[in-house]
Amino acid sequence: MTSTPARAALGDLLNSREIVLAPGVFDGISAQLVRRTGHVAAYLTGAGVAASGFGLPDIGLVTASEMAERVRMIVGSLGDIR
């Protein structure tokens, strides 16, 4: 698997054996809030995507392609990621 700077940084973070506080994000606004509060990691929450994007409970209706599209939108809203 090809390593990217972001993948290497995540690997270093996980290998540091420190507690990583990673809030859940579901759109560009929540991702910006996580970034502005100084968190070093975040995760995409399926329940958040289902509720905010479709107004549905998280019962497995959101597809992998819809989650991938949400990731592209979030990364685009963050701009330069380091």
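The following dialogue between a trainee and a mentor goes through several descriptions attached to this predicted model.

Trainee: Before the details, what is the overall make-up of the chain, and in what pattern do its elements follow along the sequence?

Mentor: The secondary structure comprises four helices and two strands, and reading along the sequence gives the pattern α-β-α-β-α-α. The C-alpha atoms fill a box of roughly 35 × 30 × 25 Å along the principal axes, and 18% of the 82 residues count as buried.

Trainee: Why is α2 called oblique to α4?

Mentor: Helix α2, residues 28–36, packs with α4 at an angle of about 50°, the two axes being 9 Å apart. Because angles under 35 degrees count as roughly parallel and those from 65 to 115 as roughly perpendicular, α2 is therefore oblique to α4. The crossing in which α2 passes α4 is right-handed.

Trainee: Staying with α4, why is Val-75 called partly exposed?

Mentor: Val-75, which lies in helix α4, has a relative accessibility of 40%. Since buried means under 20% and exposed means over 50%, with partly exposed in between, Val-75 therefore counts as partly exposed. As for its placement, Val-75 and Thr-37 are 38 residues apart in sequence and 17 Å apart in space, taken from C-alpha to C-alpha.

Trainee: How do you know that Leu-61 is partly exposed, and which nonpolar surface patch does Leu-61 help to make?

Mentor: Leu-61 is found in the loop between α3, residues 46–54, and α4, residues 64–78. Its relative accessible area is 49%, and because the label exposed is kept for values over 50%, Leu-61 is therefore described as partly exposed. Together with Phe-54, Leu-56 and Ile-59, Leu-61 makes a nonpolar surface patch of about 390 Å². A residue needs over 30% relative accessible area to be part of a patch, a condition that Leu-61 meets with its 49%.

Trainee: What makes the phi of Arg-17 worth pointing out, and why is Arg-17 called exposed?

Mentor: Arg-17 has a positive phi of about 65° although it is not a glycine. Most residues other than glycine have a negative phi. Arg-17 has its place in the loop between α1, residues 5–15, and β1, residues 24–25. With a relative accessible area of 78%, set against the requirement of over 50% for exposed, Arg-17 is therefore called exposed.

How values were computed: Residues are numbered from 1 along each chain as its sequence is written. This is a predicted model: local features need pLDDT of at least 70, side-chain atom pairs count only at pLDDT 80 or more; totals for chains, interfaces and linings use all residues. Side-chain values use heavy atoms; hydrogens and water are left out. Patches are made of residues with over 30% relative accessible area and no salt bridge: like charges are joined within 9 Å, nonpolar side chains (Val, Leu, Ile, Met, Phe, Trp, Tyr) within 5 Å. Accessible areas come from the Shrake-Rupley method with a 1.4 Å probe; for residues, only the protein chains shown count as cover. A salt bridge is a side-chain nitrogen of Lys or Arg within 4 Å of a carboxyl oxygen of Asp or Glu. Buried means under 20% relative accessible area, exposed over 50%, partly exposed in between (1.4 Å probe, protein chains only). Axes are lines fitted to C-alpha atoms, for helices over the stretch in contact, and angles run from 0 to 180 degrees between N-to-C directions. Angles under 35 degrees count as roughly parallel, over 145 as roughly antiparallel, 65 to 115 as roughly perpendicular and the rest as oblique. A crossing is left-handed if the near helix is turned anticlockwise from the far one by less than a right angle, and right-handed if clockwise.
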